[in-house]
Amino acid sequence: PATYDMTVQRRSDHAIQLIFKDSNNDAINLTGFTVASQVYDESRSTLYASFSVTYTNRSAGTVDIALTDTQTATFTPNVLKYDVLLTNPSGLKEYYLEGNIFVSEGYTA
């Protein structure tokens, strides 16, 4: 999988748009596919959140994944891990993206 690290401020909403592409850099038609993404501690012993997934444009391979301010309020370690799993219509699962979430403290309430 590709690697993408991000910084998320605790108690804030956070969203990113993903465009899935094949090895020829062509968009993958996501019709019939499912996308899942979760946030864990490094040992994978605590699930902190599951990203919500919005299929923005399936034929163009575009989805938005997002966390709410309520979810990020629980991000107590300074570094968490996440990944993005793509499941095709036949049930084949492939990790497309993974990385670190660096947690920054938000001070304004």
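1. Contact here means heavy atoms within 4.5 Å. With that in hand, take Asn100 in this predicted model. Setting aside neighbours up to four places away in sequence, Asn100 is in contact with Tyr4, Asp5 and Met6, and also with Val79, Leu80, Lys81 and Tyr82. Asn100 itself sits in strand 9.

2. Is Asn100 buried or exposed? Its relative accessible area is 16%, and the cut-off for buried is under 20%, so Asn100 counts as buried. Its side chain also has a polar partner: the side chain of Lys81, at 2.6 Å.

3. Next up is Phe102, which is also a strand 9 residue, the strand covering residues 93-104. At a relative accessible area of 34%, Phe102 is partly exposed. Which residues does Phe102 touch, leaving out those up to four places away in sequence? They are Asp5, Met6, Thr7 and Val8, plus Asn78 and Val79. If you want a distance for orientation, the C-alpha atoms of Phe102 and Asp64 are 20 Å apart, with their positions 38 residues apart in sequence.

4. Now look just past that strand. Glu105 is in the segment after strand 9, and with 28% relative accessibility it is partly exposed. Apart from residues up to four places away in sequence, Glu105 touches Gln9, Arg10 and Arg11. Thr76 is 29 residues from Glu105 along the chain, and their C-alpha atoms are separated by 9.5 Å.

5. How many salt bridges are there? The count is two. One of them joins Glu105 to Arg10, with the closest N and O atoms 2.2 Å apart. Arg10 belongs to the loop between strand 2 (6-9) and strand 3, while Glu105 is in the segment after strand 9, so this pair ties together parts of the chain that are 95 residues apart in sequence. The side chains of Glu105 and Arg10 also register as a polar contact, at 2.2 Å. Arg10 is buried, at 11% relative accessible area.

6. Arg11 forms a salt bridge with Glu105 too, and there the closest N and O atoms are 2.8 Å apart. Arg11 is in the loop between strand 2 and strand 3 and Glu105 in the segment after strand 9, so this pair links parts that are 94 residues apart in sequence. Arg11 is partly exposed, at 42% relative accessibility. Taken together, Arg10, Arg11 and Glu105 make up a network of salt bridges. As background, side chains of opposite charge can pair when their charged atoms come close.

7. On to a sheet. Three strands form an open sheet in the order 3-7-6, and the pairing is antiparallel. Why do strand 3 (14-19) and strand 6 (52-57) count as edges? Each has a single partner strand, so one side of each is left without a neighbour in the sheet. From one strand to the next, the twist averages 25°.

8. Last, the pairing inside that sheet. Strand 3 and strand 7 (residues 62-67) run antiparallel to each other and pair over six bridges. To find the register on screen, start from Ile19: its bridge partner in strand 7 is Thr62. In general, strands of a sheet pair through backbone hydrogen bonds, either parallel or antiparallel.

Key. Residues are numbered from 1 along each chain as its sequence is written. This is a predicted model: local features need pLDDT of at least 70, side-chain atom pairs count only at pLDDT 80 or more; totals for chains, interfaces and linings use all residues. Side-chain values use heavy atoms; hydrogens and water are left out. Helices (H or I, at least four residues) and strands (E, at least two) are DSSP runs, numbered from the N terminus. Buried means under 20% relative accessible area, exposed over 50%, partly exposed in between (1.4 Å probe, protein chains only). A polar contact is a pair of N or O atoms within 3.5 Å; within protein, one must be able to donate a hydrogen and the other to accept it, and residues adjacent in sequence count only if both atoms are side-chain atoms. Two strands pair if DSSP finds at least two bridges between them. Axes are lines fitted to C-alpha atoms, for helices over the stretch in contact, and angles run from 0 to 180 degrees between N-to-C directions. A salt bridge is a side-chain nitrogen of Lys or Arg within 4 Å of a carboxyl oxygen of Asp or Glu.
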